[in-house]
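Here are my notes on this model, point by point. Have the coordinates open while you go through them.

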Amino acid sequence: MAFFFLAVACACYVASLAVLVLFGAGRRRRGGGAGRSGDPARGRLKLPPGSLGLPYLGETLQLYSQSPKIFFAARLKRYGEVFKTHVLGCPCVVLATPEAARMVLVSRAHLFKPTYPPSKERMIGPQALFFHQGEYHLRVRRVVQGWLGPDALRALVPDVEAAVASTLRWWEGRETSTFHTMKRLTFDVGVVTIFGRRMAEHVKEELRRNYFTVERGYNSFPIPVVPWTRYSQAIKARQRLGAILGGILSERRERDDTGDDLLGALMRYRNDGGAALSDDQVADNVLGVLFAAQDTTASVLTWILKFLHDNPKLLDAVKAEQMAAYEENDGGRLPLTWAQTKRMPLTQLVILESLRLASIITFTFREAVEDVDYEGFLIPKGWKVMPLFGSIHHSPEFFQDPQTFDPSRFMVAPRPGTFLPFGSGVHACPGNDLAKLEMAVLVHRLVTNYRWEVIRSSEDVTYSPFPVPKRGLRARLLRATTTTGGAEEGGRRAPPPEAAVALWRIGRCPGAGSPRTEQQRRHPAQETAGDPVIQSRGSS
Ligand code: HEM
């Protein structure tokens, strides 16, 4: 979750220069260079190549005056896959290989702790699991993960479908930002996951209003003393959210019914000594999950709509696949089932490829808790490390023609450690299955009932704070004109799902890139792997 750190600077880097000067000065003195601590290992090791940029400012201006992609690509070319920089007031070592990412997140994860600016911790709540490591993190994570696992999600499918249907009804006939529409959806799904179905509409509205004020403040510059700044307003909204959550907790206790939802699971939790989580711990984690679930999923959903729109033949094949489930469900009259969401091979490939190409989480942050020797380079204690997921996903070494949208590449498993849209290790995303469920259900309802017109399609990217198509992909949603109310616009019969993949792969979909030979599709490191379609490659 440290990627939200990025959001701060995206939104306000000009205003933050003065503070960076102060913050940077302190950091530099503490972070120091190699060899000052008296530790003999320090003397032997050298810092990675790279530039720490201007005094105090480092390379922050360069990072935020261009896209992060260009910033990192230029340095990777110049210095190689391990280099140093200085951004947002912190000296950093950037690591762009799967092995280095694994070292930070998995094999030597104990040497790197999660790191966030204090203003962000205050906004979400300092007890949220992603700020912690060790015993407390593991305990809370177990509860959250349990509630986001397959058993809980199976029961959640009708709620996700209802939220999707309601969002699409709202969108129908309007021209608006796809991203903002998707945020409505991910908020609703987040609320039903956390609070169940019973939340009164007026409480939900209060929650929504205050949540979005907090979110705006999170992405703004923290000036707490001035009352009208977004940051100050967000702090007040955060207090109101605390009160709303406190009210919900009291009401559940009075009813003596904790509820069959994530909030209930957190309330019921007891450690080995029988101690419960405090109300603040519950509230911080509830808000943390809501926060982590929202813009991330909404950004990827927006990209999926763009990629499908830009590849009409692929869209046809996805429609054909989805029609099978639609017909199975009596022309959409019966609800979608968990099993059906798992039987959409082409849609699943589209989801994986969208996660790779969009790479909405370009990197994450950790902080070295002691001096670390990585392949002869020194990562000094107190420095940040940044595993660069985006560069790994876009490397031609691991993904052929990496800038081409080609779902068929996932017919073969990527090399281990090269596909990390949900991170890896103890902090890997526990919401990855829910996110993928939302994507599958949205695609299903969308292509079987609607079509969408993109307004002034463009290849430009906006950071809000995650990368999304320019202006959030403005689009108009229209009901598909079919006799069945579904997607058989050309009067085709839907082939079974497996056939949809096959049809698309044998070349009916030139828009999606020409099909490759078996030899080309296999990554060299995968020569022995015979996996067919990969259903789930989140590294959690
Ligand atoms: C496409 C959507 C999503 C993407 C790309 C995504 C990505 C990630 C990544 C990369 C991390 C690890 C960050 C790090 O190691 O610093 C993470 C952590 C996390 N995500 Fe997600 N996420 C998504 C959706 C969700 C959803 C739907 C939920 C909850 C319902 C969620 C809850 C969390 C939580 C609680 C953490 C922190 C886990 C921990 O620290 O142990 N995410 N996510």
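1. Start with the residue classes used throughout: Ala, Val, Leu, Ile, Met, Phe, Trp, Tyr, Cys and Pro count as nonpolar, Asp, Glu, Lys and Arg as charged, and the others, Gly among them, as polar. On that scheme the shell around the ligand has 19 nonpolar, eight polar and one charged residues.

2. Some housekeeping. This is a predicted model, in which local features need pLDDT of at least 70 and side-chain atom pairs count only at pLDDT 80 or more, while totals for chains, interfaces and linings use all residues. Residues are numbered from 1 along each chain as its sequence is written.

3. The overall picture: the protein chain has 21 helices and 12 strands (DSSP runs numbered from the N terminus, H or I of at least four residues for helices and E of at least two for strands). Of its 540 residues, 46% count as buried, meaning 20 or more other C-beta atoms within 10 Å of the residue's own, against 12 or fewer for exposed and partly exposed in between, with C-beta atoms placed from the backbone. Among contacts (C-beta atoms, placed from the backbone, within 7 Å) between residues at least 6 apart in sequence, 77% join residues at least 24 apart.

4. Back to the ligand. Which residues are closest to the ligand? They are Ala 293, Thr 296, Gly 423, Cys 429 and Gly 431, out of 28 that surround the ligand (a residue is near if its C-beta atom, placed from the backbone, lies within 6 Å). Helix H8 (135–147), H14 and helix H19 (432–449) are the elements that give two or more residues to this shell. H14 contributes the largest share, seven residues.

5. H14 also packs against H12. The axes of H12 (residues 230–255) and H14 (residues 279–310) come within 10 Å and cross at roughly 115°; axes here are lines fitted to C-alpha atoms, for helices over the stretch in contact, and angles run from 0 to 180 degrees between N-to-C directions. The two are therefore roughly perpendicular (65 to 115 degrees; under 35 is roughly parallel, over 145 roughly antiparallel, and the rest oblique). The crossing is right-handed, that is, the near helix is turned clockwise from the far one by less than a right angle, with anticlockwise being left-handed. On the H12 side, Leu 241, Gly 242, Leu 245, Gly 246 and Leu 249 meet Asp 279, Val 282, Ala 283, Val 286 and Leu 287 of H14. That contact has seven nonpolar, two polar and one charged residues.

6. A second partner of H14 is H10 (residues 178–195): their axes come within 8 Å and cross at roughly 140°, which makes H10 oblique to H14. This crossing is right-handed. The H10 residues involved include Phe 179, Met 182, Phe 187 and Ile 194, and those of H14 include Val 286, Leu 290, Ala 293 and Leu 305. By class, the contact has 11 nonpolar, seven polar and two charged residues.

7. H12 has its own second partner, H11 (residues 201–218), at an angle of about 145° with the axes 7 Å apart. Here the crossing is left-handed. Among the residues that meet are Glu 206, Tyr 211 and Arg 216 in H11, and Arg 230, Arg 238 and Leu 241 in H12. The split is 11 nonpolar, four polar and five charged.

8. Two buried residues to click on. Met 439 sits in helix H19 and is buried, with 22 other C-beta atoms within 10 Å. Beyond its neighbours within four places in sequence, Met 439 contacts Val 300, Leu 301, Ile 304 and Ile 351. Gly 259, in the loop between H12 and helix H13 (262–268), counts as buried with 20 C-beta neighbours inside 10 Å. Its C-alpha atom is separated by 9.1 Å from that of Arg 198, 61 residues apart along the chain.

9. Finally, check the backbone at two spots. Most residues other than glycine have a negative phi. Asp 330, however, has a positive phi of about 55°; it lies in the loop between helix H15 (312–328) and helix H16 (338–342) and is exposed, with 8 other C-beta atoms within 10 Å. Glu 375 has a positive phi near 50°, in the loop between strand S6 (372–374) and strand S7 (377–379), and counts as exposed with 11 C-beta neighbours inside 10 Å.
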